[in-house]
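Hi,

Here is the structure I said I would pass on. Have a look at it first, and my notes follow underneath.

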Amino acid sequence: MKLMKTAAIMTLLAGCAITSFGVQQAEALTLMDYFRKKREPVFEELQEMPRASVPQATVQQKPKALPRVSSPQYYTYKAEPLRRIATEKLADPVVTGSVTATATMPAIPVSFGGARQFLPEVSATATGNVAAAVEAFYQGRDRFIWVEGDAPNAAARAALGVLAQAESVGLDPQDYSVAVPDLTGNGNDPVARVKALLDFEIRMSAAVLTYVQDTVRGRIDPNKISGYHDFKRKPVNLAGKMTAIALSHDVAAYLKAQSPSSPAFLALQREFQTLQAKTGEAPRIVIAPGTLLKPGIANPELANIIAAVREKGSEALKAEHAATLAAYQGTPDYTPDLVALVEGFQKENGLKPDGVVGKASIRILTGGDTTQSKIEKLRVAMEQARWLPADLGDRYVFINQPAFMVYYHEQGAEQFSMRVVVGSKSNQTYFFEDEIQTVEFNPYWGVPQSIIINEMLPKLRRDPGYLDRLGYQVEVGGRPVSSYDVNWGGSTKGVAVRQPPSSDNALGELKILFPNSHAIYMHDTPSKSFFKKDQRALSHGCVRLADPRRMAAAVLGTTVEDVAKQIADGRNKGVSVKEKIPVYVAYFTAWPNKDGVIEYFDDVYERDMYMGRAFEATRAARRAEG
C-alpha cells in the first residue's frame, strides 16, 4: 500500500510551480500560517460543521471546463527609443526661435556660454534619461568639456578611444560613435565652426553617458525579456557621472573603471578577447554514431575521442594531462591514464565523470560550441552579469540553471558545489536574486495553485477522495475539510492543499527559503535518481538539492550532524538564518569555474536566443534616429 501511495505522489512530479497569469493564485499554507491559525483537529471541525455551513466552494454545481494556469511568457523586446535632446531650452534666454543672420559673430576660441545662442540648431538624440541628464548638466554651464580652442581636446580623444573599444567589454561601438568635426571646410566662417564644435560637444556627452549607463547596468532591460526575468534595474546617477567626467584628469581611466570588476566578469572578458583574436575554425571531429567507450575496453574510435578532447578541453585540463596526451599514439587501448583524461573532460563539462563515453559525452565532443557561438554566449553572459550587484558578497549561494549546479561561497571563495534539478522547459525556474532567510525541517508542502489546477483537478473531478487517500490536507477558506466535501467542478479560489511531513513528502527532509513572489526555494526530494542524469531540467520550478543537509548546515553556520538531529526530531520546525545570505538564481550559458576557467552550457530554455533578439531590437532603435 505504501508503495502505491508513493507512486501516486510521484505522478504529481512534485516541486514548485509556475506563477499564474490571469488566474488568482490561492496562497499555500506556510509554517507561520499553521501556527497562527490555532486550528482544532480536522475531524472535530468536520463533525461540527454541518453540510449547509460548508463554504460556497463546496456547494455542488455543474462542472465547468477544466481551467489552466498558464506559464509566464517571452515578450517581443521593445527597446527604449531615442528622443531629441532639447538643446533649445539651453539657449540664452534672450535668444528665441532659430538663430538669425544678425546673431553676434563669436570669436575663436569661444566659451560654451558664448556659443549658447546656437544650441537650438544642434540636433542630437539619446534615450530619455541620458537626454535629461545632458540637458540638466548644460543648463547654465559656461565651459566646454570636449573642446579646447577651436578643436576637440585631449579628453575627447581619450574618450573616443575607449568608446571605439567597446567591443572588448561586450558592447557595440556603433552605439557610441561620434564623428569628429571636419573644420577644414568651414574656411573663415566662424559661426559654422562654432556650430560644429557645439554639436560635437553635445553628441560627445550623450555618447559617453550612454556608454557609462550601458556598462554599469547593461543595454537590455531584463524585465522586458520575459515573465521569468525579475530584476530591479540598477539606477545610474548620470548627473553625478557627468560631473565626475568633467572634473576628471584621466577620462579614459574613469570610463574603463565603469565596467564591472568582479573576478567572474574579468574572466568572461579575458575569454571574450582571446576568442575574438582567433582566426578560422578547426575542422569538426567525427565520432562514429553509436560509439560506447568503456574503461579497459579497446575501441577503434578512441583516437577520434582523444583528438576531440584536445580540441574541446580546457587549457588547464590539457596541462594537467600533458604527459598522457604526449604519449598517446592513436592506439585503441583505453588505458587508465586516458580514462582519467576523459573523466576530467566530463567533469569540466558538467557530466558524470565515470570515463564512459556515450551519447552525452559525444554530443559535447563532436558538437558543442564553435568559437563564434562561444563568443555570443560570452557576450550574453557579460550583459547579464551587469544585472547582478557589482559585488556578489563575501558569502552567497549561486545557482546556475544551465549548469544544473549550485555553488556555496564563503570568505570570498567557493567552498563546495553540488548538482541540482531545476524547472522543466514548461515550468522554468526564474532568473532573479533574493536573500536566504529560513531553513524549515520536516516541511509541509503547500501545493501551488498551478499544480492543483493543472495536474490534480482532472483527477479530483473523477475521484473527489483522491487527496484524502494520499494523506493530503485540504482547506476551504481556512477551514479543514475532506477532499470529498469540495466541489472540484467549481472554482478552486480559497482552496488550499498541503502535504504533511513524511517520508513521501515532495520536499523531502528540508527546504531552504528565500521568500519571493515566484514561490521558488531550494529543497530535498525523494527522487534521488534525477541527480544521476546529465540534463536535469525536471522540476516544477524549484531547485532540488543533491545534498540538502550540507547546504542547510552551511547557510545556518552549523554542522551536518546538527542538521541530522533536527530532522530526526521529526517535528516541523523553521530555523532562521542569522545573517541574510544573498542567493542568485541565475542563468548563464558561459560562466567561470572556481579556477577562473570558462565553462559552456546548453541553452536549456533558449534564453540566449531571446537575448540575441533584444540586442537586435536595441541596435535597430539606436540606429533609427542616430
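**Asp547 and the cavities**

Asp547 comes out as partly exposed, because its relative accessible area is 33%, which sits between the 20% limit for buried and the 50% limit for exposed. Do keep in mind that this is a predicted model.

As for where to find Asp547, look in the loop that runs between β17 (543-545) and α19 (548-556). If you want a partner to display with it, try Lys528: the two residues are 19 apart along the chain, and their C-alpha atoms are 9.9 Å from each other.

Now for the empty space. How many cavities of 30 Å³ or more does a search of the whole structure find? The search gives two.

The largest cavity holds about 40 Å³ of space. Its lining is made up of Arg217, Pro222, Phe231, Lys232, Arg233, Lys234, Arg386 and Trp387. Sorted by class, that is five charged residues and three nonpolar ones, with no polar residue in the lining.

The second largest cavity comes to about 30 Å³. Around this one you will find Asn400, Tyr407, Trp591, Pro592, Asn593, Glu599 and Phe601. Here the class count is four nonpolar, two polar and one charged.

So that you can set up your view quickly, here are the two linings by class:

| Cavity | Nonpolar | Polar | Charged |
|---|---|---|---|
| Largest | three | no | five |
| Second largest | four | two | one |

Cheers

Definitions and conventions
Residues are numbered from 1 along each chain as its sequence is written. This is a predicted model: local features need pLDDT of at least 70, side-chain atom pairs count only at pLDDT 80 or more; totals for chains, interfaces and linings use all residues. Side-chain values use heavy atoms; hydrogens and water are left out. On a 1 Å grid over the protein atoms alone, a cavity is a set of points where a 1.4 Å probe fits but cannot get out, and a pocket is an open set with protein on both sides within 12 Å along at least five of seven lines; lining residues have an atom within 4 Å of a point. Grid points are joined across faces, edges and corners, and a volume is the space filled by probe spheres set on the points. Ala, Val, Leu, Ile, Met, Phe, Trp, Tyr, Cys and Pro count as nonpolar, Asp, Glu, Lys and Arg as charged, and the others, Gly among them, as polar. Helices (H or I, at least four residues) and strands (E, at least two) are DSSP runs, numbered from the N terminus. Buried means under 20% relative accessible area, exposed over 50%, partly exposed in between (1.4 Å probe, protein chains only).
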